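Welcome! Let's work through a few short exercises together, one step at a time. Please take a first look at the structure before you begin.

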Amino acid sequence: MARRGGIEGGIIGVTAVAVVSMAVAGILAFTQSDTPADADAGNGHKPEHAQRRAPQVKVDPEIEHASDRPGKSLNITIDDGPDPIWTPKVLHVLEKNGVKATFCMIGPQAQANPDMVKKVVAAGHKLCDHTMDHNTGMDHRPESYQAKQIIDAQKMIEAAAGGAKVEYYRAPGGAFTPYSRRIAADRGMRPLGWNVDSKDFERGGVESIVNTVQREITLGPTVLFHDGGGNRVQTVEAMERLLPWMKQQGYGFGFPRR
């Protein structure tokens with residue numbers, strides 16, 4: 001056919017061949033540009049989508065206690081919420097004293113109170129994963145259980161927050177394992193410990209909470225309070241007294257290091 005066109009077609013034949021050639025070239029060009037990026041994967045080239053994908057953020061899996069603020073500084077951390085009654089009261093005390101805190105949230109609590117999670121984020125506080133069920137014996141449970149507790153809670157908290165990232169992971173009762181710390185770190189969450197336990201969960205009275213914190217404040221910068229798990233009126237009143245006292249002692253306030 002090509003030979004026949006070349007001899008008998010004259011100018012028309014030459015034109016037709018040119019048109020056909022251009023069409024074939026166009027088809028080839030279109031096919032090449034429309035080829036999935038994965039097609040080059042077998043030739044040692046990274047697929048285009050793999051090149052564009054942001055790497056998973058990883059942090060140090062060691063348990064952190066230090067503050068990201070230089071000098072004499074404290075990290076205020078609030079566990080077991082959010083709670084529709086007590087979290088707003090804690091937020092009010094923090095705002096009144098110009099203090100930012102890290103809120104370690106239970107996954108289902110965050111899911112049930114998304115507006116409260118968003119208020120925590122909007123006020124400039126940080127988020128921490130405190131698992132799904134607050135099982136203080138989770139360090140004795142299978143790795144699959146630990147992973148589910150951590151990952152499901154992170155997803156719930158971030159969904160409730162409207163996209164804000166969970167930056168820390170605190171094991172219930174300090175029940176960390178090397179595996180759980182690694183899972184958290186691989187998902188961008190720094191394992192978070194504490195130095196000063198206010199023992200406000202014991203509800204031994206406001207005076208007891210205040211005395212405990214004042215006595216242990218030199219043990220390290222990360223201080224533990226609660227806004228969930230029951231009536232926290234004693235916590236709120238103790239924080240009303242302690243935050244101004246901390247400032248009088250020359251302390252500033254930061255977040256745990258990442």
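What is the sign of phi at Gly-124, the residue that follows α6? It is positive, near 90 degrees. Before we go on, note that this is a predicted model, where local features need pLDDT of at least 70, side-chain atom pairs count only at pLDDT 80 or more, and totals for chains, interfaces and linings use all residues. Residues are numbered from 1 along each chain as its sequence is written, and side-chain values use heavy atoms, with hydrogens and water left out.

**Exercise 1. Find the two sides of helix α6.**

Step 1. Locate α6 at residues 114-122; helices (H or I, at least four residues) and strands (E, at least two) are DSSP runs, numbered from the N terminus.

Step 2. Pick out its buried residues: Met-116, Val-117 and Val-120. Buried means under 20% relative accessible area, exposed over 50% and partly exposed in between (1.4 Å probe, protein chains only).

Step 3. These three cover an arc of only 105 degrees around the axis, which puts them on the same side of α6. The arc is that of the directions from the helix axis to the C-beta atoms. Here is the background: an α-helix has 3.6 residues a turn, so residues three or four places apart point the same way.

Step 4. Turn to the face away from the buried side, and you meet the exposed Asp-115, Lys-119 and Ala-122.

Step 5. Now see what the buried residues of α6 pack against: α4 (86-96), β2 (101-105), α5 (107-112), β3 (126-129) and α7 (143-161).

**Exercise 2. Describe the surroundings of Ser-73.**

Step 1. Ser-73 belongs to strand β1, residues 73-81.

Step 2. With a relative accessible area of 7%, Ser-73 is buried.

Step 3. Set aside neighbours within four places in sequence, and the contacts of Ser-73 include Ser-67, Pro-221 and Tyr-251. Contact means heavy atoms within 4.5 Å.

Step 4. Gly-254 is also on that list, and the side chain of Ser-73 reaches its backbone nitrogen at 3.5 Å.

**Exercise 3. Describe the aromatic pair that a search of the whole structure finds.**

Step 1. The partners are Tyr-169 and Phe-176. Rings of Phe, Tyr and Trp (its six-membered ring) pair if their centres lie within 6.5 Å; planes under 30 degrees apart count as stacked, over 60 as edge-to-face and the rest as tilted.

Step 2. Their centres are 5.7 Å apart with 90 degrees between the planes, so the pair is edge-to-face.

Step 3. Tyr-169 is buried at 0% relative accessible area, and Phe-176 is buried at 15%.

Technical notes:
Polar contact = N/O pair within 3.5 Å; in protein donor to acceptor, adjacent residues only side chain to side chain.
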